[in-house]
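Here is a short set of exercises to work through with the structure open beside you. Try each task before reading its solution.

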Amino acid sequence: MDTYADLVFLGGRVVTVDAEFSVASALAVTGGVISAVGGRDDVAPLVGPGTRVVDLRGATLLPGINDSHLHGCAFGMATPPLSLDLGHPAVSSLTDVAEAVREAVGRVPGGQWITGHGWDTGYLDECVSDPSRLPSRRDLDAVSPDHPVVLYSFSGHATWVNSKALELIGVDRDTVAPPGGAIVVDEAGEPTGLLHEGAQALVQNALPPLSRQERTDAIRSNLATLARLGVTSYTEPGLGPGGDGIMRGALGAETLDVYRRLLADGELTARLGVLLLPTGMASTAEEFARTLTALGKPGDADPRRLAILGVKIFADGIVPNKTSWMHEPYIGGGCGSLCVGGETDTERTAEIDAMIRHAHAAGHQLGVHVTGDRACDTVADAFAAAMAEHPRPDARHYVIHGDFLTAHSMKVLAAHGFGVNMNPTIKWTVADMEEEFVGAERAAYAWPYRDAIDAGVRVASGSDAPVTSPDWRQGVATMMLRESKAAGRVSGPEQCIGLAEAIRTYTIDAAWQDFADDWKGSLEPGKVADLCVLDGDLLTADPHDIPEMPVVLTVVDGRVVHDTLRD
């Protein structure tokens, strides 16, 4: 034997995710590439004196997980030790949040900003018992009168600050919210401390931007978490000038430079795809085109490890803020709108059409943040119009989130080979609370996996971390069960999909989104050795048990980056 394998796996369930979703029992890795898949006899000749042989003992070997929508730097910044964890179940009430802030005040120097992430009114007792009760600066002022406090919601579309922060950023009753944003006020017209959508820039612009070291530490923290979860690839959906005002610039252009340095230093332990973010919300097509042209097309030093894939655009907002653009009104009225420049729906539609047309004609893949059903139809039609005007083979544009993707949208996307990037862990998180905004029927339909797959749309899954944890195991369980996090109620059972389909959204179909399905995303000879080992038999597990199945080994490009088998 001229070349022995570096790694050989035996005695397990090797879920190949090939075209037939075939299952083998053994696999070999040589030089970072899968060299054999089959049974014991197929890999035995490859075992040499330096080969590590792993007896899986019935465990499941999967392709490395591809979280196809994950803000890596922001996720690192939003999790301990770099930020307070204010998500469920870490906190259950406004009182718990105040106590967490009180403890932080005792740890940091006077005047230093205190940050936290993850609060969700759907899991805060006071807000659940009284839906009109919203977080307020008064909840924070008593525990932090002198430290400015900025707390980001789980969705990233709302920020909660105390009075000291309002003072420092210069927001008072006379402040006019930026376009596409809202400063929530009380009955007396005073700011409550809640800033929605574009108004969050008011606090972002007042915060000191992240230092290069802070960005580096955040990405390292993110990479360590992903390795423990078996995630070997992810998409940073928007880095560039449009992200400079989001989370202290975590989505800014400098973050891409930090990623490149980590790659050069051998520290990038997951493959990275990037969408460029030329402009943020409320921009015009003219501004978008000018900025995109200035960015040019950055070259990739190692496109299999760090690839600039395309461009991101924000089309509308999110349902809990009633900023998704809907065909039918929300409960309480209003239909939302597109979040680009323009005074009317017609003008805003023309702006989003022009942005999509420009980026498409320039040769970019497009990922468009769009959630409302009317906005989804608008974006799908804009994709099709751009393709008709400038035919391009295999553009692989996709809608990001697609919460209320319609039958019309699905038909258009499928006809042109476009995709959708859905978020099962967000479905799990918000299924109960969405009913108060759009009613039971629409809330149940949200994230229509079954319909999209049946329509022939390529579907990838992502966590949108730090909006939710990048735990794909919970995502798989949610796609199969459609059960909600808070109440455990089934939300839209007709949209359930099977285990094989769910796994594909995190592997081969996510690789398709990356233009990489010919070399990653399945366990086939010649493809890269990106692997995830899950303790237990995933194929026969009760879906309710999947989120607790431990990830025991993660391999990227043949290199072990997480290993509890040797502990």
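**Exercise 1. A proline in a loop**

In which loop does P89 lie?

Solution. Bear in mind throughout that this is a predicted model.
- Step 1: Find the elements on either side; P89 sits in the loop between β9 (84–85) and α3 (94–105).
- Step 2: Turn to the peptide bond from H88 to P89, which is cis, with omega near 10 degrees.
- Step 3: Put that in context: most peptide bonds are trans.

**Exercise 2. Another cis bond**

Find the residues joined by the cis peptide bond whose omega is about 15 degrees, and place the proline.

Solution.
- Step 1: The bond in question joins A465 and P466.
- Step 2: P466 belongs to the loop between β21 (458–461) and α17 (472–481).

**Exercise 3. Positive phi values**

Inspect the backbone at V17 and F515, and decide for each residue whether it is buried, partly exposed or exposed.

Solution.
- Step 1: V17 has a phi near 55 degrees, a positive value in a residue other than glycine.
- Step 2: The loop between β2 (13–15) and β3 (23–24) is where V17 is found.
- Step 3: Buried means under 20% relative accessible area. V17 has 1%, so V17 is buried.
- Step 4: F515, also not a glycine, has a positive phi of about 60 degrees.
- Step 5: The location of F515 is the loop between α19 (508–513) and β22 (531–534).
- Step 6: With a relative accessible area of 34%, F515 is partly exposed.
- Step 7: As background, most residues other than glycine have a negative phi.

**Exercise 4. A salt bridge inside a helix**

How are D217 and R220 placed relative to each other in helix α8?

Solution.
- Step 1: Check the contact: the side chains of D217 and R220 form a salt bridge, at 3.9 Å from N to O.
- Step 2: Count along helix α8 (residues 212–229): the two residues are three apart, so about one helical turn separates D217 from R220.
- Step 3: Look at accessibility. D217 is partly exposed at 33% relative accessible area, and R220 is partly exposed at 36%.

**Exercise 5. A salt bridge between two helices**

Which helices hold D345 and R374, the partners of another salt bridge?

Solution.
- Step 1: The side chains of D345 and R374 meet at 4.0 Å, N to O.
- Step 2: This pair links distant parts of the chain, with D345 in helix α11 (residues 345–361) and R374 in helix α12 (residues 373–389), 29 residues apart.
- Step 3: D345 is partly exposed, its relative accessible area being 28%. R374 is partly exposed as well, at 32%.

**Exercise 6. A pair and a network**

Decide whether R396 is buried or exposed, then list the members of a salt-bridge network that includes R271.

Solution.
- Step 1: R396 pairs with D394 in a salt bridge, and their closest N and O atoms are 2.9 Å apart.
- Step 2: R396 has a relative accessible area of 10%, so R396 is buried. D394, at 45% relative accessibility, counts as partly exposed.
- Step 3: The network of salt bridges links R271, R305, D530 and D557.
- Step 4: For the whole structure, the number of salt bridges is 28.

**Exercise 7. The overall fold**

Why does the radius of gyration agree with a compact globule?

Solution.
- Step 1: For 567 residues, a compact globule would have a radius of gyration near 24 Å; the protein has 23 Å, so the two agree.
- Step 2: Along the principal axes, the C-alpha trace spans about 80 × 60 × 45 Å.
- Step 3: The secondary structure consists of 19 helices and 24 strands.
- Step 4: Of the 567 residues, 59% count as buried.
- Step 5: Among contacts with a separation of 6 or more, 71% come from residues 24 or more positions apart.
- Step 6: The accessible surface is about 20,700 Å², and carbon and sulfur atoms contribute 51% of it.
- Step 7: The mean positions of the 44 positive and 77 negative charges lie 4 Å apart.

**Exercise 8. A long separation**

How many residues apart in sequence are A264 and D537?

Solution.
- Step 1: A264 lies in helix α9 (residues 253–264) and is exposed, with a relative accessible area of 56%.
- Step 2: A264 and D537 are 273 residues apart in sequence, and their C-alpha atoms are 38 Å apart in space.

Definitions and conventions
Residues numbered from 1 in each chain as written. Predicted model: local features only at pLDDT ≥ 70, side-chain atom pairs only at ≥ 80, totals over all residues. Heavy atoms only, no water. Helix = DSSP H or I, 4+ residues; strand = E, 2+ residues; numbered from the N terminus. Rg over C-alpha atoms; globule rule 2.2 N^0.38 Å. Buried < 20%, exposed > 50% of the residue type's maximum accessible area, 1.4 Å probe, protein only. Contact = heavy atoms within 4.5 Å. Areas by Shrake-Rupley, 256 points an atom, 1.4 Å probe, with all protein chains shown as cover. Lys, Arg positive; Asp, Glu negative; His and termini not counted. Charge placed at Lys NZ, Arg CZ, Asp CG, Glu CD.
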